[in-house]
Every structure is written in structure tokens, then in C-alpha cells.
Amino acid sequence: MYLELWWFLTVPIFFVIGWVASRWDRKKNRRRKQTKFKDLEKLVLFLTEENHSDAIKLLQGIIKDYERSLYLQKSLGILFRRCGFFDRALEIHAALLSMRKVDSVFLDSILIDLTKDYICAGLYDKALQALELIESEKYCRQTLELRLKINQRLKQWEQALKTLENLENHSGEEYENLRIHFFCELIENGIIKYKEKLKKMNSDHKRVKEILSDKNKIALDSGDFICNFCAAKFDYFFWKCHLCETWDSCEKLSYDKH
Ligand SMILES: [Zn+2]
């Protein structure tokens with residue numbers, strides 16, 4: 001009888017212990033959630049400030065709690081690429097490709113990232129191979145734009161014209177300015193037949209006027225020049241910025257003599 005009474009008395013004690021433990025657990029969870037939310041806030045701030053190196057450090061910490069989050073890993077790869085760590089970006093994006101149970105559209109988005117990583121690393125053959133694997137219609141435009149970028153980097157101007165045509169057919173937009181430059185590049189490389197095509201375009205573009213008059217006035221201009229898109233400075237004239245790859249962004253710097 002004495003024993004039974006003792007057991008009866010332990011019930012409220014266990015109840016109190018359980019209640020305290022659950023409160024403590026809840027408090028701990030709340031604190032963990034608050035920390036995670038603060039990390040997320042910081043991450044957004046770093047990304048807004050384009051502080052990629054701190055964003056990478058923070059994201060690496062966050063990923064430890066969400067190892068299965070494919071989107072976070074994809075983002076980390078993109079940040080590595082933006083910071084110039086192309087090998088790390090390639091490593092992450094290639095690893096994501098081998099993941100199981102990933103839908104095909106997401107896989108195609110990874111292939112787009114992989115292509116960009118390869119382009120940044122100067123591995124154009126690999127970039128083209130990655131583009132070949134993309135099947136989703138959703139990424140058709142991006143695929144064509146990346147292919148056009150590679151064509152231009154490799155100075156494959158005839159191929160670039162074909163890609164440009166495909167891009168125009170797909171997007172319904174015209175890229176006359178690009179076509180002019182591709183024609184001009186081909187003419188400068190000795191393929192004269194494009195001169196006739198250029199004449200038919202009847203453009204007021206200053207490069208067209210220059211190339212049809214057989215004078216290299218603008219290209220031989222000396223002084224300091226700046227890209228009005230990325231602000232890179234060069235001591236020679238350029239039709240396409242070597243840094244941001246924007247056409248017709250060159251402006252001559254004029255200094256105040258006083
Ligand atoms: Zn530029």
C-alpha cells in the first residue's frame with residue numbers, strides 16, 4: 001500500500017519535469033528559428049550589397065542545416081562563379097547533375113549554370129556539350145543566347161549569324177546591330193561577299209559607313225576610351241568591350257586641359 005502511494009506521488013513530478021522539458025525545447029527551437037531567420041536576413045543583405053564573399057560564407061553555414069536543398073546548393077555554385085572560383089562552381093553544379101529524383105526542368109537549369117561556368121573558365125567545347133543536353137523549351141532562348149556568346153568569344157562569325165537567326169526566330173525580336181557587327185567582322189577577315197549584304201541593310205551605323213568607305217578612321221583613333229556600360233578604360237578604340245562584351249559602348253574620354 002505504501003509503495004503504491006509513492007508511485008502515485010511521482011506522477012505530478014514527472015508531469016512537471018515533462019512540462020519544463022517541453023518548454024525548454026520549444027524555447028530552444030524558437031531561438032534556432034530566430035537565428036536561421038537572422039541568417040536569412042543577412043544573406044539577403046549581402047546579396048543586395050553584392051557582397052558575394054560574405055554571402056558565400058553564410059550560405060555554406062546555412063547549407064549544413066539544409067543539405068538536401070538543391071536550390072541553396074545551386075545558388076552557392078552561382079556565387080562561387082561570380083567570385084571567380086569557377087572550379088568550385090563547376091564542382092557544385094556537376095554534383096547536382098548526378099542527384100537522383102530531380103525533375104528534368106531543374107536539371108536543365110543546372111546545365112545552363114554549368115554552361116556559364118564553363119564559359120567563364122574558357123572551356124568552350126565543354127560549354128557547347130552541356131548546351132546540347134538541354135531539352136526543355138523553357139531554356140531555349142537562354143541556350144541560344146549562350147551559344148551566341150560562345151560563337152562571339154571564338155570569333156565564329158558565320159556560325160554567330162546562324163545562331164542569331166535562330167534567336168530572332170525564337171524570340172520574335174530583331175538584332176540588326178549585332179548582324180551589322182558580325183558582317184563587319186567577316187569583311188575585316190577578308191570575306192568580301194558580306195559587303196553587298198551590308199550595303200543592302202542601308203544602315204546609318206558608323207561602322208558600316210567606315211567599312212564601306214574603306215577607311216579605318218574611327219578604329220585608328222588614339223586617346224583614352226571608356227566603356228559606357230561597365231566603365232572599363234582602354235587606351236585604344238573598340239567596337240566591343242573586352243570586359244563586358246557590349247557592342248558600341250566605346251566613348252572617347254575628353255579631359256579638361258585647365
Ligand atoms: Zn564594358
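Begin this tour of a predicted model at helix α9, where the cover over the buried residues includes α8 (157-171), α10 (193-201) and α11 (206-212). Display those three helices together with α9, then colour the residues beneath them: Ile-180, His-181, Phe-182, Phe-183, Cys-184, Glu-185, Leu-186 and Ile-187 of α9 are buried.

Next, select residues 176-188, the full extent of α9. The end C-alpha atoms are 18 Å apart, which agrees with the 18 Å that 13 residues should span at 1.5 Å a residue. Moving past the helix, stop at Gly-190, which follows α9 and has a positive phi, near 95°.

Now turn to helix α1 (residues 2-48) and select Lys-42 within it. Is Lys-42 buried or partly exposed? Lys-42 counts as partly exposed because it has 15 C-beta neighbours inside 10 Å, whereas a buried residue would need 20 or more. Add Leu-59 to the selection: it lies 17 residues from Lys-42 in sequence, and their C-alpha atoms are 10.0 Å apart.

For a wider view, colour the chain by domain: domain 1 (1-35), domain 2 (50-154) and domain 3 (221-258). The C-alpha centres of domain 2 and domain 3 are separated by 31 Å.

Finally, select strand β1 (residues 222-227), which pairs with strand β2 (residues 233-236) in the antiparallel sense over 3 bridges. Their hairpin has 5 residues between the strands, and there Ala-231 adopts a positive phi near 70°. β1 also pairs with strand β3 (residues 250-252), again antiparallel and over 3 bridges. Centre the view on Ile-226: it stands opposite Lys-233 in β2, and its bridge partner in β3 is Glu-251.

Notes. Residues numbered from 1 in each chain as written. Predicted model: local features only at pLDDT ≥ 70, side-chain atom pairs only at ≥ 80, totals over all residues. Helix = DSSP H or I, 4+ residues; strand = E, 2+ residues; numbered from the N terminus. Expected span 1.5 Å × (residues − 1). Buried ≥ 20, exposed ≤ 12 C-beta atoms within 10 Å, placed from the backbone. Contact = placed C-beta atoms within 7 Å. Domains from an automatic or database assignment. Pairing = 2+ DSSP bridges.
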